[in-house]
Amino acid sequence: MVDTHSHIYMEEFSDGGGDALARALAAGVTHIVLPNVDASTIAPMCSLHDRFPQHTSVALGLHPTEVGDDWREVVAQMEHSLEKGGFAAVGEVGLDLYWDTSRREQQLEAFREQLRIADRFNLPVIIHCREALEDTLAVIHEVAPRVRLIFHSFTGSPDDVKRIREVCDPMFGINGVVTFKNAQQLREALSEITLDRMLLETDSPYLAPVPYRGKRNESSYLPSICAKIAETLEVTTEEVEIKTTENAVTVFGL
């Protein structure tokens with residue numbers, strides 16, 4: 001299995017994420033995509049990748065909740081790093097209007113710019129979209145119709161899937177939310193998404209799946225997510241593992 005979105009390099013983990021990576025490998029997770037959040041998380045993320053390059057890939061972007069007055073300078077520095085190569089994606093980037101709408105315009109501009117950068121370097125984009133689907137789709141339609149996209153931590157309904165597909169044909173990252181009791185609409189959306197467009201992810205240290213809910217999440221919990229998807233779609237876990245791994249290899253160029 002491939003965990004296509006994990007932050008096990010963060011300070012919540014000992015040994016810079018090395019111990020968590022070892023547990024993930026023991027659980028059957030063969031590769032982990034590590035997106036940064038802001039400028040301060042680049043160094044620990046790259047440090048973990050440098051230690052385990054065969055089992056990790058890195059993505060670079062400015063998370064929407066971290067968009068400040070200096071976002072243009074931060075994104076320009078990240079663009080310079082992306083130009084040197086070695087990154088599997090731009091991300092995670094996008095729009096988050098759940099906590100704060102006061103920086104909506106800055107988030108929109110930062111998202112547009114990072115989509116342009118991804119298009120320039122022919123990299124996929126890991127999208128964070130929270131309470132901002134219409135704005136997100138408007139920007140994608142305007143700037144990046146050709147860019148490979150991943151809707152990270154997708155929790156929407158079958159109608160949301162259809163709405164997204166009117167604009168683009170992305171991959172959908174499914175994480176521990178799919179195991180939550182109150183996530184029935186997401187489970188209903190899985191058959192609309194289909195395995196052909198699905199990726200596994202944990203978003204650790206957040207959103208731990210049942211039966212670990214309430215604990216710090218980590219990549220070794222990915223089998224619980226895989227099992228719930230298989231149960232919902234009435235297929236085997238092996239089918240989910242094989243297809244989502246193929247999808248991850250294709251979209252990220254692993």
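Analyst: Helices here are DSSP runs of H or I with at least four residues, and strands are runs of E with at least two, numbered from the N terminus. The model is predicted.

User: In which loop is Ser204 found?
Analyst: Take the elements on either side of Ser204. One is strand 8, and the other is helix 8, residues 222-233. Ser204 sits in the loop between strand 8 and helix 8.

User: Is Ser204 buried or exposed?
Analyst: The cut-off for buried is under 20% relative accessible area. Ser204 has 0%, so this loop residue counts as buried.

User: Which residues is Ser204 in contact with, leaving aside neighbours within four places in sequence?
Analyst: Some contacts come from low residue numbers, including His5 and Ser6. Others have higher numbers, among them Asn217. The full set is His5, Ser6, His7, Ile8, Phe13, Asn217, Glu218 and Ser219.

User: What is the order of the strands in the open sheet?
Analyst: The chain has nine helices and eight strands. The open sheet holds eight strands with parallel pairing. Their order is 1-2-3-4-5-6-7-8.

User: Which strands stand at the edges?
Analyst: An edge strand has a single partner strand, so one side is left without a neighbour in the sheet. That applies to strand 1 and strand 8.

User: Which residue in strand 8 is the bridge partner of Phe172?
Analyst: Strand 7 covers residues 171-174 and pairs with strand 8 in the parallel sense over three bridges. Phe172 falls in that range. Its bridge partner in strand 8 is Met198.

User: Which residue in strand 2 does Val2 stand opposite?
Analyst: Strand 1, residues 2-3, pairs with strand 2 in the parallel sense over two bridges. Opposite Val2 in strand 2 stands His31.

User: Which residues of strand 2 are buried on each side?
Analyst: Strand 2 spans residues 31-35, and five of its five residues are buried. In a regular strand the side chains alternate between the two faces of the sheet. Both faces of strand 2 are covered: one side has His31, Val33 and Pro35, and the other has Ile32 and Leu34.

User: Is Arg130 buried, partly exposed or exposed?
Analyst: Arg130 lies in strand 5, residues 125-130. Buried requires under 20% relative accessible area and exposed over 50%. At 33%, Arg130 is therefore partly exposed.

User: How many Å apart are Arg130 and Leu97, C-alpha to C-alpha?
Analyst: Arg130 touches Leu95, Asp96, Leu97, Tyr98 and Trp99, not counting residues up to four places away in sequence. Arg130 and Leu97 are 33 residues apart in sequence. In space, their C-alpha atoms are separated by 6.2 Å.

User: Which residues does Phe111 touch, not counting those up to four places away in sequence?
Analyst: Phe111 is in helix 4, residues 104-121. Its relative accessibility is 1%, so Phe111 counts as buried. The residues it touches are Val93, Gly94, Leu95, Ile127, Thr136, Val139 and Ile140.

User: What is the radius of gyration of the chain, and what would a compact globule have?
Analyst: The C-alpha atoms fill a box of roughly 45 × 40 × 30 Å along the principal axes. A compact globule of 254 residues would have a radius near 18 Å. The chain agrees with that, at 17 Å.

User: How far apart are the mean positions of the positive and negative charges?
Analyst: The chain carries 23 positive and 40 negative charges. Their mean positions are apart by 1 Å.

Note on methods:
Residues are numbered from 1 along each chain as its sequence is written. This is a predicted model: local features need pLDDT of at least 70, side-chain atom pairs count only at pLDDT 80 or more; totals for chains, interfaces and linings use all residues. Side-chain values use heavy atoms; hydrogens and water are left out. The radius of gyration is taken over C-alpha atoms; the globule rule is 2.2 Å times the number of residues to the power 0.38. Lys and Arg count as positive and Asp and Glu as negative; His and the chain ends are not counted. The place of a charge is taken as NZ of Lys, CZ of Arg, CG of Asp or CD of Glu. Buried means under 20% relative accessible area, exposed over 50%, partly exposed in between (1.4 Å probe, protein chains only). Two strands pair if DSSP finds at least two bridges between them. Contact means heavy atoms within 4.5 Å.
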